[in-house]
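Me: I have a model open on my screen and would like a close look at a single part of it. Could you walk me through that part in one go?

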Amino acid sequence: GGGANNTVSAVLEQPDGKLGVAGSFTTFNGQARNFLVRFDPATLVLDTFPNGTGFNGPVRALARDPVTGDIVAGGTFTQVNGQARTNLVRLSALTGDVDGTLAAVGTDGTVLAVAVQSDRAIVFGGQFTHVNRPSVVLPADVGYLARVSSAGVLDLAFSVTTPKANDFVNTLVGQTLPNSGGDRLLVGGMIAFFAKIANEVLADPPGDTVGRANGNESRSFGC
């Protein structure tokens, strides 16, 4: 017993009922666990997950890949299981091993929110303004919100052209619309507007904003 020895920032339930718990802690139920732990709530037995030394900094957000079940984590870290990862990583749900496909994707600030869409694209937001790109020297200016494919390729149309949040993104919730209506994102944070194509700006009171999965803002909620 005893739980975490510091703040818990995210909880993720898996299909098998196990819970992934992330935060600023280094022990859980008296056992050493660096910022992420997984356990069966029925038995409270901790998994050896992630497989290795774990994270070297706090984990703020968790999301599950709807196809593979793999876990995407965001936070303030530079290493996971001894491998270089800057604030974003994907872990095998089975083994806890670090997935190599996101190795070149990193941010210049904390990742506070993560969502994985039905096509396995990863949307992430937080206190960053730039994202590194594979094989590109200069990072992309994304303005607190970005999307990469499951292979780690930055979606420039979404991340750079639209939308561009004007302040921190704290929360992301992905929704799959019925009747093949695609994906929608609920975006929360200190957001007053999203910049649009051709520098068009739509001003709204600070609060929750809804963005379509293609980066277009929907005014049907929170505006």
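Which backbone nitrogen lies 3.2 Å from a polar atom of the side chain of D70? Please describe the surroundings of D70 too, and then the loops with unusual backbone geometry.

Reply: Happy to. Please keep in mind that this is a predicted model. The nitrogen you ask about belongs to A93: its backbone nitrogen lies 3.2 Å from a polar atom of the D70 side chain.

Let's start with where D70 sits. D70 is part of the loop that links β6 (59–64) to β7 (71–75). These two strands pair in the antiparallel sense, over five bridges, and within that pairing A63 stands opposite V72 of β7. The hairpin has six residues between its strands, and one of them, G69, takes a positive phi near 85°.

Now for the side chain itself. D70 is buried, yet has no salt bridge. The nearest side chain of opposite charge is that of R120, 4.7 Å away; a salt bridge needs a nitrogen within 4 Å of a carboxyl oxygen, so R120 does not qualify. Leaving aside residues up to four places away in sequence, D70 touches A63, R64 and D65, along with R90, L91, S92, A93 and D99. A63 therefore appears twice in this picture, as a contact of D70 and as the residue opposite V72.

Next, the backbone geometry elsewhere. Most residues other than glycine have a negative phi, and most peptide bonds are trans. Against that background, the loop between β5 and β6 holds two points to look at. L44 is found in this loop, and its phi is near 65°, a positive value in a residue other than glycine. With 46% relative accessibility, L44 counts as partly exposed. P50 lies in the loop between β5 and β6 as well, and the peptide bond leading from F49 to P50 is cis, with omega near -5°.

Another positive phi belongs to Y144, at about 75°, although Y144 is not a glycine. Y144 is placed in the loop between β14 (136–141) and β15 (145–148). At 17% relative accessibility, Y144 counts as buried.

Finally, a word on β5, where the loop with L44 and P50 begins. Three strands form an open sheet in the order β1-β2-β5, with antiparallel pairing. Its edge strands are β1 (8–13) and β5 (36–39), each pairing on one side only. Neighbouring strands of this sheet are turned by 20° against each other on average, direction ignored. Four bridges join β2 (residues 19–23) to β5, and L19 has F39 as its bridge partner in β5.

Methods
Residues are numbered from 1 along each chain as its sequence is written. This is a predicted model: local features need pLDDT of at least 70, side-chain atom pairs count only at pLDDT 80 or more; totals for chains, interfaces and linings use all residues. Side-chain values use heavy atoms; hydrogens and water are left out. Buried means under 20% relative accessible area, exposed over 50%, partly exposed in between (1.4 Å probe, protein chains only). Lys and Arg count as positive and Asp and Glu as negative; His and the chain ends are not counted. A polar contact is a pair of N or O atoms within 3.5 Å; within protein, one must be able to donate a hydrogen and the other to accept it, and residues adjacent in sequence count only if both atoms are side-chain atoms. Contact means heavy atoms within 4.5 Å. Two strands pair if DSSP finds at least two bridges between them. Axes are lines fitted to C-alpha atoms, for helices over the stretch in contact, and angles run from 0 to 180 degrees between N-to-C directions.
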